[in-house]
Amino acid sequence: MSLKNLNIGFAMCGSFCTFNKAFVAAKELVSLGANVTPIMSFNAKNISSRFGTAEENTKILEEICNKKIISTIEDAEPIGPKKLLDALVVVPCTGNTLAKLAIGITDTPVTMAVKSHIRNMRPVIIAISTNDALANSAKNIGTLMNYKNYYFVPYKQDDSEAKPNSLVAKYELIPDTILSALDGKQIQPLLY
């Protein structure tokens with residue numbers, strides 16, 4: 001598999017417990033030849049948690065991508081007009097961001113990146129990570145699945161007993177999902 005010379009946006013939201021998986025996915029995209037542009041929501045960029053400080057997480061992503069992170073709305077806006085990306089992956093995509101994308105709210109660098117990118121009819125790939133995916137966020141997943149040019153990384157329940165409403169994407173399938181989305185197809189099976 002090769003993503004050689006593809007321009008891939010890598011937009012991280014604040015599901016901090018999946019940041020290490022996201023960093024591994026970003027490294028994989030780079031190793032497959034993609035030119036990866038890092039983007040972070042305000043929360044992902046500025047909140048320190050038990051999963052790393054804001055400074056550490058920012059440094060890790062910038063080193064992986066060898067680029068400065070897009071972390072403001074104004075810096076994300078040119079993505080569409082300048083046609084900077086072939087595909088945009090939102091990873092991890094929180095329930096909060098899912099809701100905003102489903103109803104068109106553009107108030108973070110990630111949601112602006114998506115809005116700006118999708119105007120070119122190019123794929124947006126969602127790698128979900130939320131504890132309420134099978135509860136309040138289910139309607140937003142359904143909405144985005146019915147929108148043109150939105151694709152989902154296959155997902156599964158991550159702990160059906162302790163967190164029965166929680167879903168997390170299979171991050172190792174991000175490259176395959178991107179390639180499928182570039183062909184206009186949702187990778188299958190979607191549910192694991």
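Which helix is Ser180 found in? Select Ser180 and you land in helix α8. Keep in mind as you click around that this is a predicted model.

**Stop 1: Ser180**

Is Ser180 buried or exposed? Ser180 counts as buried because its relative accessible area is 15%, and the cut-off for buried is under 20%. Now show what surrounds Ser180: leaving out residues up to four places away in sequence, Ser180 touches Lys185, Gln186 and Ile187.

**Stop 2: the largest nonpolar core**

Next, select Phe10, Leu29, Leu61, Ile174 and Ile178 together. These five have the most contacts inside the largest nonpolar core, which has 35 residues. Many elements chip in: β1 (7-12), α1 (19-31), β2 (35-40), α3 (54-65), β3 (87-93), β4 (124-130), β7 (167-169) and α8 (174-182) each supply at least two residues of this core. Which element gives the most to this core? That's α1, with six residues.

Zoom in on Phe10. With residues up to four places away in sequence left out, Phe10 has quite a list of contacts, including Ala22, Ala25, Ala26 and Leu29. Pick out Val36, Thr37, Pro38 and Ile39 as well, since Phe10 touches each of them. Leu61, Leu88, Val89 and Val91 are also touched by Phe10.

Apart from this core lies another, of 29 residues. To find that other core, select Leu98, Ile126, Ala133 and Tyr155, which are among its residues.

**Stop 3: α1 and its partners**

Before you look at helix pairs, here's how to talk about them: two packed helices are described by the angle between their axes and the distance between the axes.

Colour α1 and α3. They pack at an angle of about 15°, with their axes 9 Å apart. That angle makes α1 roughly parallel to α3, and α1 passes α3 in a right-handed crossing. To see the contact, show Phe19, Phe23, Ala26, Lys27 and Val30 on α1, and Asn57, Ile60, Leu61 and Ile64 on α3. Sorted by class, this contact has seven nonpolar, one polar and one charged residues.

Now keep α1 and swap α3 for α8. How do α1 and α8 pack? Their angle is about 55° and their axes are 10 Å apart, so α1 is oblique to α8. Here α1 brings Ala25, Glu28 and Leu29, while α8 brings Ile174, Pro175 and Ile178. The classes in the contact of α1 with α8 come out as five nonpolar, no polar and one charged.

**Stop 4: helix α5**

Move on to residues 95-103, which form helix α5. Which residues of α5 are buried? Select Gly95, Thr97, Leu98, Lys100, Leu101 and Ala102 to see them. The buried residues of α5 pack against β3, α6 (109-118), β4, α7 and β5 (150-152).

Add α7, residues 138-145, to the view. α5 and α7 pack at an angle of about 45°, with their axes 9 Å apart, which means α5 is oblique to α7. α5 passes α7 in a left-handed crossing. Show Leu98, Ala99, Leu101 and Ala102 from α5, plus Asn140, Ile141, Thr143 and Leu144 from α7, and you have the contact. By class, the contact of α5 with α7 has six nonpolar, two polar and no charged residues.

**Last stop: Gly104**

Finish by following the chain on from α5. You come to Gly104, whose phi is positive, near 80°.

Key: Residues numbered from 1 in each chain as written. Predicted model: local features only at pLDDT ≥ 70, side-chain atom pairs only at ≥ 80, totals over all residues. Heavy atoms only, no water. Core = buried A, V, L, I, M, F, W, Y, C linked by side-chain atoms within 4.5 Å. Buried < 20%, exposed > 50% of the residue type's maximum accessible area, 1.4 Å probe, protein only. Helix = DSSP H or I, 4+ residues; strand = E, 2+ residues; numbered from the N terminus. Contact = heavy atoms within 4.5 Å. Axes fitted to C-alpha atoms, helices over the stretch in contact; angles between N-to-C directions. Parallel < 35°, antiparallel > 145°, perpendicular 65-115°, else oblique. Nonpolar A, V, L, I, M, F, W, Y, C, P; charged D, E, K, R; others polar. Left-handed = near helix turned anticlockwise from the far one by under 90°.
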